[in-house]
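User: I've got a model open and I'd like to learn how to read it. Could you walk me through it, one feature at a time?

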Amino acid sequence: MPLLTRCVLAVLMGLLAGSAVAEELVAEFRGAVSRNTTEFEVQGPWLLDWRVTTEGDRDAAVDVSLERAGLGAHEGLVLRTKYPGNGVRLFHQSGRFYFRVDASL
């Protein structure tokens, strides 16, 4: 049975003061291959809510990096995992960005 890895990234902004509840979904990306997402613009602080799922009998690696749009400047590694899972990450930067997603068996 072939392995299929799915990665879902949701960009949420407009954090309520004193809590981690987002007011607005800015962008949502879904995919099963390596690629760059479309660009999105956010004002800090903002959240990345991510989920990685796999089907099959082997694990897969997923790396997600944050890149500054227009400049192509690497802002840093956001996520690196070899296993299915989910999580949330808080960012303080404002600007126009995209994610570079690298998925492999």
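**Reading the model, feature by feature**

Analyst: Let's start with one residue: Asp49 sits in strand 5. Keep in mind that this is a predicted model.

User: Is Asp49 buried or exposed, or something in between?

Analyst: In between. Asp49 has 32% relative accessibility, so it counts as partly exposed; the buried class needs under 20% and the exposed class over 50%.

User: Which residues does Asp49 touch, apart from its sequence neighbours within four places?

Analyst: Leaving those neighbours aside, Asp49 is in contact with Val8, Leu9, Ala10 and Leu12, and also with Gly87 and Val88. You can look at C-alpha spacing as well: Asp49 and Leu90 are 41 residues apart along the chain, with 9.0 Å between their C-alpha atoms.

User: Let me zoom out. How many helices and strands does the chain have?

Analyst: Zero helices and nine strands. Reading from the N terminus, the order is β-β-β-β-β-β-β-β-β. Of the 105 residues in the chain, 35% are buried. For contacts between residues at least 6 apart in sequence, 70% join residues at least 24 apart.

User: How should I think about a core?

Analyst: The general idea is that in soluble globular proteins, nonpolar side chains tend to be buried together. Here, the largest nonpolar core has 21 residues, and the ones that touch the most other members are Leu9, Phe40, Trp46, Val64 and Phe99. At least two core residues come from each of strand 1, strand 2, strand 4 (40-42), strand 5 (46-55), strand 6 (61-68), strand 7 and strand 9.

User: Let's take Leu9. Why does Leu9 count as buried?

Analyst: Because its relative accessibility is 1%, and the buried class is anything under 20%. Leu9 is found in strand 1. Beyond four places in sequence, Leu9 is in contact with nine residues you can click through: Ala27, Glu28, Phe29, Leu48, Asp49, Trp50, Val64, Phe99 and Val101. Leu9 and Arg51 are 42 residues apart in sequence, yet 6.7 Å apart in space, C-alpha to C-alpha.

User: Does burial apply to polar residues too, and where should I look?

Analyst: Try two threonines. Thr81, in strand 7 (residues 73-81), counts as buried because its relative accessibility is 13%. The side chain of Thr81 reaches the backbone oxygen of Tyr83 at 3.0 Å. Outside its four-place sequence neighbourhood, Thr81 is in contact with Val52, Ala60, Ala61, Val62 and Asp63. Thr37 lies in the loop between strand 3 and strand 4, and its relative accessible area of 13% makes it buried. Not counting residues up to four places away, Thr37 touches Phe29, Tyr98, Phe99 and Val101.

User: And how do I find empty space?

Analyst: Rolling a probe the size of a water molecule over the atoms shows where empty space is left. In this model, the largest pocket holds about 170 Å³ of space. It is lined by 14 residues, and those closest to its centre are Arg30, Gly31, Val33, Arg35 and Val101. Strand 1 (4-13), strand 2 (24-31), strand 3 (35-36) and strand 9 (95-104) each give two or more residues to the lining. By type, that lining splits into eight nonpolar, four polar and two charged residues.

User: Last one: which peptide bond is cis?

Analyst: The one from Gly44 to Pro45, with omega near -5°. You'll find Pro45 in the loop between strand 4 and strand 5.

Conventions
Residues are numbered from 1 along each chain as its sequence is written. This is a predicted model: local features need pLDDT of at least 70, side-chain atom pairs count only at pLDDT 80 or more; totals for chains, interfaces and linings use all residues. Side-chain values use heavy atoms; hydrogens and water are left out. Helices (H or I, at least four residues) and strands (E, at least two) are DSSP runs, numbered from the N terminus. Buried means under 20% relative accessible area, exposed over 50%, partly exposed in between (1.4 Å probe, protein chains only). A polar contact is a pair of N or O atoms within 3.5 Å; within protein, one must be able to donate a hydrogen and the other to accept it, and residues adjacent in sequence count only if both atoms are side-chain atoms. Contact means heavy atoms within 4.5 Å. On a 1 Å grid over the protein atoms alone, a cavity is a set of points where a 1.4 Å probe fits but cannot get out, and a pocket is an open set with protein on both sides within 12 Å along at least five of seven lines; lining residues have an atom within 4 Å of a point. Grid points are joined across faces, edges and corners, and a volume is the space filled by probe spheres set on the points. Ala, Val, Leu, Ile, Met, Phe, Trp, Tyr, Cys and Pro count as nonpolar, Asp, Glu, Lys and Arg as charged, and the others, Gly among them, as polar. A nonpolar core is a set of buried Ala, Val, Leu, Ile, Met, Phe, Trp, Tyr and Cys residues joined through side-chain atoms within 4.5 Å.
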